Amino acid sequence: KLYNLRPKQFAKILIEEIARKKGIPSSVGIGTNMFLAKIALDITAKKSKDFMGYLDEEKFKEEAEVKNA
């Protein structure tokens, strides 16, 4: 039944399961491709209150512009 979930719903379940089974915090990067998912993890998820970061091409461009300003 996990296949019918939206990415953020699946990520929430994954974070909760890791905390429950291993007792450690985790964070998740979600993107429209593997590269953006990794970047989302590195630059947004770790700063987010819910430990989830999301990037698509448009949001990536916005993040890059902020960093270069």
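These legends walk through a predicted model of one protein chain, starting with the whole chain and then moving to a few close-ups.

**Figure 1. The whole chain, from end to end.** Here you have 3 helices and 2 strands. Start at the N terminus and follow the chain along, and you'll meet them in the order α-β-α-β-α. The C-alpha trace spans about 40 × 25 × 15 Å along its principal axes. Of the contacts with a separation of 6 or more, 31% are between residues 24 or more positions apart.

**Figure 2. Surface and charges.** How much of the chain is buried? Out of 69 residues, 20% count as buried. The accessible surface adds up to about 5,600 Å², and carbon and sulfur atoms own 59% of that. As for charge, there are 14 positive side chains and 10 negative ones. Take the centre of each set, and you'll find the two centres 9 Å apart.

**Figure 3. How confident is the prediction?** Across the chain, the mean pLDDT is 91, with 99% of residues reaching 70 or more. Which elements sit at the two ends of the scale? Strand β1 (residues 28–31) has the highest mean of the elements, at 96. Helix α3 (residues 57–68) has the lowest, at 84. Keep one general habit in mind: where pLDDT is low, don't read the predicted coordinates in detail.

**Figure 4. Zooming in on Ser 26.** This residue belongs to the loop that runs between α1 (7–22) and β1. Is Ser 26 buried or exposed? Its relative accessible area is 17%, and the cut-off for buried is under 20%, so Ser 26 is buried. Now look at what it touches: leaving out residues up to four places away in sequence, Ser 26 is in contact with Ile 15, Ile 18 and Phe 51.

**Figure 5. A pair of rings, Phe 35 and Phe 60.** Search the whole structure for aromatic pairs and you get 1. The ring centres of Phe 35 and Phe 60 are 5.8 Å apart. Their planes meet at 80 degrees, and over 60 counts as edge-to-face, so that is what we call this pair. Where do the two residues come from? Phe 35 lies in helix α2 (residues 34–43) and Phe 60 in helix α3, so the pair ties together parts 25 residues apart in sequence.

**Figure 6. A closer look at Phe 60.** How open to the outside is this residue? Phe 60 has a relative accessible area of 28%, which makes it partly exposed. Remember that its helix, α3, is the element with the lowest mean pLDDT (84).

Notes. Residues are numbered from 1 along each chain as its sequence is written. Side-chain values use heavy atoms; hydrogens and water are left out. Helices (H or I, at least four residues) and strands (E, at least two) are DSSP runs, numbered from the N terminus. Buried means under 20% relative accessible area, exposed over 50%, partly exposed in between (1.4 Å probe, protein chains only). Contact means heavy atoms within 4.5 Å. Accessible areas come from the Shrake-Rupley method with a 1.4 Å probe; for residues, only the protein chains shown count as cover. Lys and Arg count as positive and Asp and Glu as negative; His and the chain ends are not counted. The place of a charge is taken as NZ of Lys, CZ of Arg, CG of Asp or CD of Glu. pLDDT is the predictor's confidence in each residue, from 0 to 100. Rings of Phe, Tyr and Trp (its six-membered ring) pair if their centres lie within 6.5 Å; planes under 30 degrees apart count as stacked, over 60 as edge-to-face and the rest as tilted.
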